[in-house]
Amino acid sequence: MSAEIAWSIIRNNSCHLVKRNGITLNRDPKNLRNKNSFKYSHVNKKTITVASAGKGLSVATKTKVAEKKPSKGYATSIITKGGNRRILKSVRNLAINSRPDLKNDALARASRLLEIQQAKPAKVNKHRAKRLQK
């Protein structure tokens, strides 16, 4: 089945759809921008997915086998070594090789995931802590 036919079927009938205030969004984990459009959907011949994996990121790209064997259709790279800049450079290179038009979206998702992974703990109010100890 071609990607266009698959998209026309699932465009309005998907479990990942969210319709609010006249806007249709998509919660599909393989959708980089969460927009309900063919460009960002996973039914394209080439897609890229960025997800959190431990202290790094996993970047999955769709392979040529994906049409005939969907379970073996993604090549996953787990990037954990190096700092954030090195991880983002790897994501950028993988995005350029698979979908150059989604490079900025993949970098935005990756940088946000790295920011969440390195979140600082909440500050404790010293005055309140002293009061609670008494």
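A salt bridge is a side-chain nitrogen of Lys or Arg within 4 Å of a carboxyl oxygen of Asp or Glu. Keep that in mind as you look through these views of a predicted model.

**View 1. D101 and R99 are joined by a salt bridge.** Here the N and O atoms of the two side chains are 3.0 Å apart, which is within the 4 Å limit and therefore counts as a salt bridge. The partners sit in different surroundings: R99 is buried, at 10% relative accessible area, while D101 is partly exposed, at 41%.

**View 2. R33 and D105 form a salt bridge between distant parts of the chain.** Their closest N and O atoms are 3.1 Å apart. R33 belongs to the loop between β2 (23-26) and β3 (48-53), and D105 to helix α3 (residues 103-117), so 72 residues separate the two in sequence. Is D105 buried or exposed? With a relative accessibility of 11%, D105 counts as buried, because buried means under 20%. R33, at 38%, is partly exposed.

**View 3. E115 and R112 make a salt bridge inside one helix.** Both residues lie in helix α3, 3 residues apart, and that spacing is about one turn of the helix. The N to O distance between their side chains is 2.9 Å. R112 is partly exposed, with a relative accessible area of 46%. A search of the whole structure finds 3 salt bridges.

**View 4. A60 is a buried residue in strand β4.** The strand covers residues 56-62, and A60 has a relative accessibility of 12%. Which residues does A60 touch, apart from its neighbours within four places in sequence? They are T47, I48, T49, Y74, A75 and T76. For a sense of scale, I10 is 50 residues from A60 in sequence and 22 Å from A60 in space, C-alpha to C-alpha.

**View 5. M1, I5 and I9 make a nonpolar surface patch.** The patch has an area of about 350 Å². I9, one of its members, is found in helix α1 (residues 3-10) and is partly exposed, with 47% relative accessibility.

**View 6. Stepping back, the chain has 4 helices and 5 strands.** Their order along the sequence is α-β-β-β-β-β-α-α-α. The radius of gyration is 19 Å, well over the 14 Å that the globule rule gives for 134 residues, so the chain is more spread out than a compact globule. Along its principal axes, the C-alpha trace spans about 70 × 40 × 25 Å. Buried residues account for 29% of the 134 residues.

Definitions and conventions. Residues numbered from 1 in each chain as written. Predicted model: local features only at pLDDT ≥ 70, side-chain atom pairs only at ≥ 80, totals over all residues. Heavy atoms only, no water. Patch = residues over 30% accessible without salt bridge, like charges linked within 9 Å, V, L, I, M, F, W, Y side chains within 5 Å. Areas by Shrake-Rupley, 256 points an atom, 1.4 Å probe, with all protein chains shown as cover. Buried < 20%, exposed > 50% of the residue type's maximum accessible area, 1.4 Å probe, protein only. Rg over C-alpha atoms; globule rule 2.2 N^0.38 Å. Contact = heavy atoms within 4.5 Å.
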